[in-house]
Amino acid sequence: MDFYYGLAQIIGVHTLLGLSAYMVLLTGQVSLAQAGFAAVGAYVAAMLTVLAGMHLFPALLIAGIAAATIACAVGFPALRVRGLMLVIATLAFGEAVRLFFFNFDYQIAKGEVRVGPLGGEGFRQIRYFPENGWTTFEVMLLIWAIVAMVMAALWWMDRSRTGAVLRAVGEDELAAQSVGINLTAVKVSAMAAGGFIAGLSGGIYAHYTTHIEHANFGVVLATFAIAYPILGGLSSVFGTVIAVVFIQGVLIEGLRFMGDWRNLLFGALIVLAMNLRPHGLLDPRSLAMLRRLVGRA
Amino acid sequence: MIDLAQSIVDGVLFGTTYAVIGIGFTLIFGVMHKINMSFAAASIAGAYSGLLVFLLWKTAPPIVVFATSAALAGLIGYAIYLLCFRFIPIASPLATLMSTVGMLLLVDEIIVHLTAGMPLSYPAIYDGYPIELGQLILRVDLLLVFLVCLVAMAVLLYLLYRTRLGIATRAVAQQPVAAQLCGIRLTQVNAITFVMTGTLGGIAGAMIGASVGVLSPLLSLPLTVKGLIVTVIGGLGSIPGAIVAGLLVGAFENVFQMWRGVTERDMYVMLLLFAFLVFRPGGLFRIAGARD
């Protein structure tokens with residue numbers, strides 16, 4: 001049973017990461033920096049609980065805020081460029097963060113062992129959950145409670161004026177600007193909110209794996225982060241969840257029996273999905289159909 | 001001082017391969033206003049496919065391997081066009097971005113699968129003594145790589161600016177609708193662009209293999225990042241920009257590799273990119289009135 005709880009934990013953390021990219025994608029920007037923000041969140045949260053002995057919840061909150069601050073700082077210069085230039089700028093930023101943690105040493109002695117991040121070896125012994133007697137099931141519940149809160153917040157935001165503003169910027173910047181929307185403010189706030197969510201996901205990730213290293217937060221994770229909302233479609237937050245379950249649950253775990261071939265199939269299925277459903281698995285048309293079905297029932 | 005000069009020279013010579021990869025990104029962007037994330041991976045795959053020659057002809061000279069790499073990389077380029085661009089609506093840039101990322105993973109995995117993840121040795125372009133120029137040592141193989149890349153770029157520029165095909169390509173880049181009204185077939189021109197850039201990428205991949213000595217699937221991600229950085233620093237869509245930026249990035253990273261070591265080197269390259277984004281977001285060779 002623990003295996004399925006573990007799987008649910010992975011899906012939860014990846015959902016958060018996907019939602020952070022979803023937030024930024026709503027404004028029409030593709031950010032490959034989400035893995036970098038997650039790395040910031042992971043290291044900050046882990047250092048707070050392990051080195052400073054803080055409780056998990058304030059640590060997670062601070063990690064999210066730290067990641068959001070950095071996202072804000074990245075947002076300003078990076079948003080001077082648009083579209084594909086932004087993809088590249090954020091990709092480079094994500095790599096820069098990863099390389100920073102690759103070279104980052106800060107260890108203190110705690111009892112008999114030295115703990116803290118140590119360059120290429122990573123950050124071991126993030127033992128908050130085992131030390132405080134959390135079971136896998138409880139950790140999973142915590143993760144999904146956070147996921148549910150973030151999803152509810154995003155879903156509510158989508159139906160409010162803020163959501164309309166974000167989508168307006170995403171659809172047509174010129175039109176949005178001409179009705180008096182401050183593009184920079186909207187984009188930087190979206191970036192900061194996305195950074196906060198990514199920081200949360202990183203912080204949780206660090207605590208349930210107990211060991212993080214720079215290689216966890218590379219280009220592949222960044223690609224996953226934007227793949228979820230794009231594959232799932234941007235019409236609703238549920239698209240992202242469907243995509244995460246599809247990729248992490250079906251493609252990665254479900255196809256385990258295929259061994260090496262699984263990785264081959266993974267890239268091929270993304271290519272295929274994009275050819276068949278360029279607007280995502282849950283595109284506006286199928287969403288409208290679902291709404292009608294639910295409405296009638 | 002001599003160390004500094006030496007590392008700049010080495011860096012500039014190796015930078016040509018970055019420049020060629022950057023040109024590939026820039027050209028596809030210029031023509032289709034889309035980015036092909038799988039380009040660098042396809043280049044490496046092209047270089048790998050050149051090794052197939054050895055299956056048929058055990059003692060093939062390096063030049064045959066390089067030529068095969070280039071030719072097969074052109075084919076791979078066409079395949080990528082068909083799979084990732086041809087059937088995806090032009091109005092959804094996110095979909096092609098994602099499909100080429102999927103392609104990047106797929107190409108990498110195919111390589112890993114076929115070679116069992118082991119690096120393969122690649123024929124060197126030259127294995128004699130280096131040239132000594134005063135105190136400077138010039139690696140002849142890098143020099144030859146530099147020359148080959150220059151020739152490849154010159155051929156590409158000739159094709160683009162002196163032939164009817166080039167006129168068609170540039171017309172599509174500037175105004176697809178108007179080009180179509182003049183009787184240019186969009187899909188054909190786009191396909192030819194992919195074959196052309198694929199071939200160029202194959203040459204770059206072969207040259208990278210020749211100068212590093214081994215090919216490994218681990219090369220493709222860093223090369224993608226470097227190629228994209230070169231494209232941005234040079235100005236998206238600008239071919240001379242990509243050339244200059246490639247050499248610049250090559251020299252820059254080699255100098256920092258000398259000063260700060262290989263683990264920190266790439267961090268400074270990213271900082272260079274950010275400096276450009278803040279102070280000169282259009283890149284070195286900004287195209288006037290360039291569209292997004």
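Throughout this tour, a residue is called buried when its relative accessible area is under 20%, exposed when it is over 50%, and partly exposed in between, as judged with a 1.4 Å probe and the protein chains only. The model is predicted, so local features are reported at pLDDT of at least 70 and side-chain atom pairs at pLDDT 80 or more, whereas totals for chains, interfaces and linings use all residues. Residues are numbered from 1 along each chain as its sequence is written, chains are lettered from A and ligands numbered from 1 in the order in which they are written, and side-chain values use heavy atoms, with hydrogens and water left out.

**Stop 1: chain A as a whole**

Select chain A and colour it by secondary structure: there are 13 helices and four strands, where helices (H or I, at least four residues) and strands (E, at least two) are DSSP runs numbered from the N terminus. Along the principal axes, the C-alpha atoms of chain A fill a box of roughly 60 × 45 × 35 Å. The radius of gyration of chain A is 19 Å, which agrees with the value near 19 Å for a compact globule of 297 residues; this radius is taken over C-alpha atoms, and the globule rule is 2.2 Å times the number of residues to the power 0.38.

Of the 297 residues in chain A, 57% are buried. Among its contacts (heavy atoms within 4.5 Å) with a separation of 6 or more, 75% join residues 24 or more positions apart.

**Stop 2: H207(A) and its surroundings**

Now select H207(A), which belongs to helix α9 (residues 183-209) of chain A. Is this residue buried or exposed? With a relative accessibility of 1%, H207(A) counts as buried. Leaving aside residues up to four places away in sequence, H207(A) touches A45(A), A46(A), T49(A), L56(A), I126(A), Y128(A) and F129(A). Add A42(A) to the selection as well: its C-alpha lies 8.1 Å from that of H207(A), although the two are 165 residues apart in sequence.

**Stop 3: two loop residues with positive phi**

A word on backbone angles helps here: most residues other than glycine have a negative phi. Select Q125(A), a residue other than glycine whose phi is positive, near 60°. Q125(A) sits in the loop between β4 (122-123) and α5 (128-131) of chain A, and at 42% relative accessibility it counts as partly exposed.

Move next to T210(A), which is not a glycine and yet has a positive phi of about 65°. T210(A) lies in the loop between α9 and α10 (219-232) of chain A, and with a relative accessibility of 25% T210(A) is partly exposed.

**Stop 4: A148(A)**

Select A148(A) in helix α6 (residues 136-159) of chain A, where the residue is partly exposed, with a relative accessible area of 43%. If you draw a C-alpha to C-alpha distance from A148(A) to L265(A), it should read 31 Å, for a pair that is 117 residues apart in sequence.

**Stop 5: chain B as a whole**

Switch to chain B, which has 12 helices and four strands. Its C-alpha atoms fill a box of roughly 60 × 50 × 35 Å along the principal axes, and its radius of gyration of 19 Å agrees with the value near 19 Å for a compact globule of 292 residues. Buried residues make up 55% of the 292 residues in chain B.

**Stop 6: a salt-bridge network in chain B**

Over all chains the count comes to nine salt bridges, each being a side-chain nitrogen of Lys or Arg within 4 Å of a carboxyl oxygen of Asp or Glu. Select D266(B) and K226(B), whose side chains meet in one of these, at 3.1 Å from N to O. D266(B) lies in helix α12 (residues 262-279) of chain B and K226(B) in helix α10 (residues 220-234) of chain B, so the pair ties together parts that are 40 residues apart in sequence.

Which residue forms a salt bridge with E253(B)? The partner is R265(B), with the closest N and O atoms 3.8 Å apart. E253(B) lies in helix α11 (residues 239-260) of chain B and R265(B) in helix α12 of chain B, so this pair ties together parts that are 12 residues apart in sequence. E253(B) is buried at a relative accessible area of 4%, and R265(B) is buried at 17%.

Finally, look between D266(B) and R265(B), where a further salt bridge brings the closest N and O atoms to 3.1 Å. Through shared partners, the salt bridges join K226(B), E253(B), R265(B) and D266(B) into one network.
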